[in-house]
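Look at the aromatic rings first, then at the cysteines. Keep the structure open while reading.

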Amino acid sequence: MTPLLIGLGLFLALGAAAAALSSAPSVANRCGALGVVCGTIAAAGTAIEALREGRAVAWSAAWDPAHGALHVGLDALSAFFLIPVLVLGACAAVYGASYMADQPRRKSLGGHWFFVNLFVAGMVGVLIARSVVLFLVTWEIMSLAAFVLVTYEHQHAEVRRAGWIYLIAAHLGVACILAALLLLGNRAGTFDFDQLRHAAVLTQGFASLVFFLALVGFGAKIGLIPVHVWLPEAHPAAPSHVSALMSGVMVKMGLYGLLRFATFLGPPPAWWGICLGTAGAATALFGIAMAIDQRDVKRVLAYSTIENMGLVVLSLGVGVWGWAVGQTAISVLGFAAALIHIWNHAAMKGLMFFAAGSLLHATGSKDMDRMGGLMRRMPWTASTMLLGAVAVAALPPLNGFVGKWLLFLGLANVGLERSDAWGAGALLATGAIAAVGGLAAVTFARLVGIALLGAPRSEAASRAHE
């Protein structure tokens with residue numbers, strides 16, 4: 001646990017150093033990026049060990065007596081989410097140092113990198129918190145740091161609007177999370193996560209109320225409809241390395257929260273799986289239907305994130321339903337599809353936002369209609385974007401196909417083995433996911449075709465370079 005805590009210290013120390021060096025922008029830029037890289041390297045070993053060995057490590061210290069001890073810990077579930085946070089965080093820092101190099105004359109890079117470090121530290125804190133108070137504090141640190149990063153270009157009215165929409169949605173979500181945690185802690189007589197797993201004896205009605213509050217609260221971070229409104233506004237407004245972090249890992253803190261809550265509530269009823277599956281399928285269909293008609297490259301990717309998070313939640317629904325009705329194979333397929341897609345999406349969407357940021361940097365625009373011909377002028381960026389587009393569209397043989405194929409197998413098993421309403425619903429969901437896959441292929445064929453192929457459609461595009 002000590003290396004992980006050292007990593008947190010490096011995030012905070014070098015982030016603060018970058019802020020203090022704001023008068024020397026190039027030094028602050030390097031110092032801030034170095035903070036993220038060093039912090040992630042220090043913490044990575046603990047995360048890999050916890051995931052490989054499947055055993056929990058913990059650390060506690062005296063805190064305010066009114067709120068109990070300061071408990072942090074790392075188990076396999078936390079480690080599974082922590083690894084993409086660290087890997088993508090380091091990549092975003094290296095990318096961001098170059099991406100922000102032309103900003104010093106206009107903005108304080110020291111302040112920006114302080115909040116990037118605080119943002120990553122907040123996500124790490126969410127994953128290692130083992131008490132209600134610490135979880136809520138780190139959740140707020142993550143959310144408020146993201147708000148500051150989203151509004152980096154605050155001189156633009158649309159950026160300020162995106163920031164306020166994000167902040168309102170984030171705090172509506174945290175209000176529901178707070179209510180769920182208070183209800184659960186009050187019933188159990190403890191606000192310590194490890195004790196919550198064993199102390200609460202919940203009626204099904206009470207557990208369902210807590211589940212619903214958690215679904216709404218964490219769903220706001222995930223981007224489930226109808227609490228998705230912040231995501232297509234905030235992702236395009238933020239600097240591209242921040243967009244990659246928000247889309248690749250921050251939205252998955254909501255998925256972590258849902259799974260962590262599942263360890264507190266006991267065996268689920270089957271309708272929880274149906275609720276998750278319905279919400280996920282509707283979100284996936286809505287996200288890709290909106291993505292297909294966007295002109296802004298980053299907005300396409302933002303709506304694609306909504307689609308992919310819908311697929312993960314649908315997979316979780318399949319897993320929960322299989323668990324509830326005793327169908328072990330179906331449950332395993334559902335949970336495996338969800339967990340595999342969490343890592344896959346972090347890699348795919350991180351790559352796509354980095355590529356989109358390079359296009360924006362080269363052309364000065366996020367509008368696809370002002371690009372064109374970039375495959376010839378930016379072959380490395382265009383090739384990696386093409387690779388990411390094939391993966392995000394879930395086309396074989398790349399990684400995006402694997403999670404969706406496991407989801408298909410889980411739904412097909414339900415549909416073919418049961419002749420009741422459950423089976424009919426699974427077959428309808430299979431058809432919906434097929435439609436999502438087809439629309440995703442069209443969406444990313446359109447993005448690649450318009451942005452990268454053909455002739456340049458602006459003077460900036462004709463002068464673009466890597």
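The count comes to 20 aromatic pairs in this predicted model. One of them joins Tyr166 and Trp230. A pair of aromatic rings is described by the distance of the centres and the angle of the planes. For Tyr166 and Trp230, the centres are 5.3 Å apart and the planes meet at 65°. Edge-to-face pairs have planes over 60 degrees apart, so this pair is edge-to-face.

Now place the two rings on the chain. Tyr166 belongs to helix H6, which spans residues 157-188. Trp230 sits in the loop between helix H8 (204-222) and helix H9 (231-237). The two residues are 64 residues apart, and their pair links distant parts of the chain. Are these residues buried or exposed? Both Tyr166 and Trp230 are buried.

Other aromatic residues come together as a group. Phe135, Trp139, Phe193, Phe218, Phe261 and Phe264 form one aromatic cluster. Phe206 has a charged partner: Arg187 lies over the face of the Phe206 ring. The distance from Arg187 to the ring centre is 3.9 Å.

Turn to the cysteines. How many disulfides does a search of the whole structure find? The search finds zero. Why does Cys176 form no such bond? Its closest cysteine sulfur is in Cys275, 13 Å away, and that is too far for a bond. A disulfide needs the sulfur atoms within 2.5 Å. The view from Cys275 leads back to Cys176: that residue holds the closest cysteine sulfur, at 13 Å, so Cys275 has no partner within bonding distance either. Cys275 is partly exposed, with a relative accessible area of 25%.

Note on methods:
Residues are numbered from 1 along each chain as its sequence is written. This is a predicted model: local features need pLDDT of at least 70, side-chain atom pairs count only at pLDDT 80 or more; totals for chains, interfaces and linings use all residues. Side-chain values use heavy atoms; hydrogens and water are left out. Rings of Phe, Tyr and Trp (its six-membered ring) pair if their centres lie within 6.5 Å; planes under 30 degrees apart count as stacked, over 60 as edge-to-face and the rest as tilted. Helices (H or I, at least four residues) and strands (E, at least two) are DSSP runs, numbered from the N terminus. Buried means under 20% relative accessible area, exposed over 50%, partly exposed in between (1.4 Å probe, protein chains only). A charge sits over a ring if NZ of Lys or CZ of Arg is within 6 Å of the ring centre and within 35 degrees of the ring normal.
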